[in-house]
Amino acid sequence: MAYALTKPLTLAAFLAFGLAGCNNQTATDDAAPADGATTEAAASTNGTLQKIKDSGTIVVGYRDSSIPFSYIADDPNQPMGYAHDLEMKVVEAIKQELNMPDLDVRYNLITSQTRIPLVQNGTVDFECGSTTNNEERQKQVAFSNGFFEIGTRLLTKADSGINDFEDLKGKTLVTTAGTTSERYIRQYNDEKQMDTNIISAKDHGEGFLMLENGRADAFMMDDVLLAGEKAKAKNPEEWVIVGEPQSFEIYGCMMRKDDPEFKAVVDEALANVFKSGEINAIYDKWFLNPIPPKNVNLNFEMSDNLKALIANPHDSAQPKAAVAQ
């Protein structure tokens with residue numbers, strides 16, 4: 001069984017392919033298919049399962065800094081994380097569905113800006129990372145039943161004086177490019193006339209580095225991702241997560257649209273993990289125990305919202321009910 005890890009394509013290759021970019025971003029990086037990958041049209045005609053069967057390879061998207069969902073730690077060739085573990089459960093289900101136990105697995109790096117084009121054009125067969133399911137993205141891609149629910153908050157120094165979003169007036173804020181947080185905070189800044197200087201980082205790791213180096217006063221992102229960045233800080237106790245959540249969002253695995261056969265396999269694989277109770281051990285592993293690279297415990301208890309989602313899975317863009325955190 002081969003496990004290969006692929007770096008992202010160059011910007012020139014993205015621009016040459018000329019696909020429509022993903023939404024909720026300030027810059028669009030389009031992506032051409034990797035060697036041997038089908039185009040979006042071919043994948044749509046034949047279906048993802050047939051594409052995988054014909055090629056003998058499944059191409060899985062991964063993130064390199066979405067702690068603790070999908071990231072790289074000690075081994076540069078091996079993604080890890082909560083979402084990655086779920087992703088591998090899906091891969092095992094696909095192997096069984098196709099009766100291909102020796103199916104090759106190839107990892108392809110994605111970012112917030114490239115993930116949608118890479119799924120659309122067939123470079124990546126699916127990804128489970130930290131991608132929010134929302135109505136605009138549903139026009140471009142399909143989502144599995146959700147596997148996590150977050151609230152968008154702020155990470156800042158304990159002595160910064162920033163306790164909520166209203167305290168950002170005149171401050172510098174960093175968020176990750178191509179995310180729902182970026183779109184929300186720019187709209188919030190305009191509507192509230194906050195005069196906040198908003199800068200965009202290429203990924204969550206760069207966002208926290210800007211915060212740590214003093215280029216920003218606060219970092220806005222999903223609360224659990226902020227907990228991950230705090231955990232890997234030089235001095236985690238210097239940082240606090242603050243602010244009333246501005247939205248509650250659901251993460252799902254992302255795949256190409258109009259492929260119900262493939263989506264059914266993905267949803268069933270996740271449902272089996274939920275029904276068996278295995279999800280609890282996977283959750284505890286990544287949120288309630290020390291994790292690489294610094295063996296820090298996030299101590300991020302499972303929310304009532306997530307418990308409800310696991311008990312009643314759905315692929316809606318919106319939480320079924322607002323549960324107090």
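Me: How many bridges join strand β8 to β11, and which way do the two run?
Reply: Start with the rule: two strands pair if DSSP finds at least two bridges between them. Strands are DSSP runs of E with at least two residues, helices are runs of H or I with at least four, and both are numbered from the N terminus. Here β8 (residues 148-157) and β11 run antiparallel, joined by five bridges. To find the register, look at Thr152, which stands opposite Asp222 in β11.

Me: What kind of model am I reading?
Reply: The model is predicted: local features need pLDDT of at least 70, side-chain atom pairs count only at pLDDT 80 or more, and totals for chains, interfaces and linings use all residues. Residues are numbered from 1 along each chain as its sequence is written, and side-chain values use heavy atoms, with hydrogens and water left out.

Me: Which way do β9 and β11 run?
Reply: Parallel. Two bridges join β9 (residues 172-176) to β11. Leu173 has Ala218 of β11 as its bridge partner.

Me: How many residues of strand β11 are buried?
Reply: Use relative accessible area: buried is under 20%, exposed is over 50%, and partly exposed is in between, with a 1.4 Å probe and protein chains only. In β11 (residues 218-222), five of the five residues are buried, so the strand is largely enclosed by the rest of the structure.

Me: How do side chains sit in a strand?
Reply: In a regular strand they alternate between the two faces of the sheet.

Me: What about strand β5: how many of its residues are buried?
Reply: Five of the six residues of β5 (residues 104-109) are buried, so this strand too is largely enclosed by the rest of the structure. β5 runs parallel to β2 (residues 57-62), with six bridges joining the two. Gly61 stands opposite Asn108 in β5.

Me: Is Phe248 buried, partly exposed or exposed?
Reply: Its relative accessibility is 28%, so Phe248 counts as partly exposed. Phe248 lies in β13 (residues 248-251). Now compare sequence with space. Phe248 and Ile150 are 98 residues apart along the chain, yet their C-alpha atoms are separated by 5.5 Å.

Me: On to helices. At what angle do the axes of α4 and α10 cross?
Reply: Axes are lines fitted to C-alpha atoms, for helices over the stretch in contact, and angles run from 0 to 180 degrees between N-to-C directions. The axes of α4 (residues 82-98) and α10 (residues 260-276) cross at roughly 120° and come within 9 Å. That makes α4 oblique to α10. The classes are roughly parallel under 35 degrees, roughly antiparallel over 145, roughly perpendicular from 65 to 115, and oblique for the rest.

Me: Which residues of α4 and α10 make the contact?
Reply: Contact means heavy atoms within 4.5 Å. From α4 come Leu86, Lys89, Val90, Ala93, Ile94 and Glu97; from α10 come Phe262, Val265, Val266, Ala269, Leu270 and Val273. These residues divide into ten nonpolar, no polar and two charged. For the classes, Ala, Val, Leu, Ile, Met, Phe, Trp, Tyr, Cys and Pro count as nonpolar, Asp, Glu, Lys and Arg as charged, and the others, Gly among them, as polar.

Me: At what angle do α4 and α11 pack?
Reply: About 145°, with the axes of α4 and α11 (residues 278-287) 9 Å apart. Tyr82, Asp85, Leu86 and Lys89 of α4 make the contact with Glu278, Ile279, Ile282, Tyr283, Lys285, Trp286 and Phe287 of α11. The split is seven nonpolar, no polar and four charged.

Me: Is Tyr71 buried or exposed?
Reply: At 0% relative accessibility, Tyr71 counts as buried. Tyr71 is found in strand β4. Leaving aside neighbours within four places in sequence, its contacts include Arg63, Met80, Trp286, Pro292 and Pro293.

Me: Where are the cis peptide bonds?
Reply: Check omega. One cis bond joins Pro292 and Pro293, with omega about 5°. Pro293 is found in the loop between β15 (290-291) and β16 (296-297). Another joins Ile67 and Pro68, with omega about 0°. Pro68 lies in the loop between β3 (65-66) and β4 (70-71).

Me: What is phi of Asn99?
Reply: Near 55°, a positive value in a residue other than glycine. Asn99 lies in the loop between α4 and β5. At 66% relative accessibility, Asn99 counts as exposed. Asp195 also has phi near 55°. Asp195 lies in the loop between α7 (180-192) and β10 (197-201), and at 62% relative accessibility Asp195 counts as exposed.
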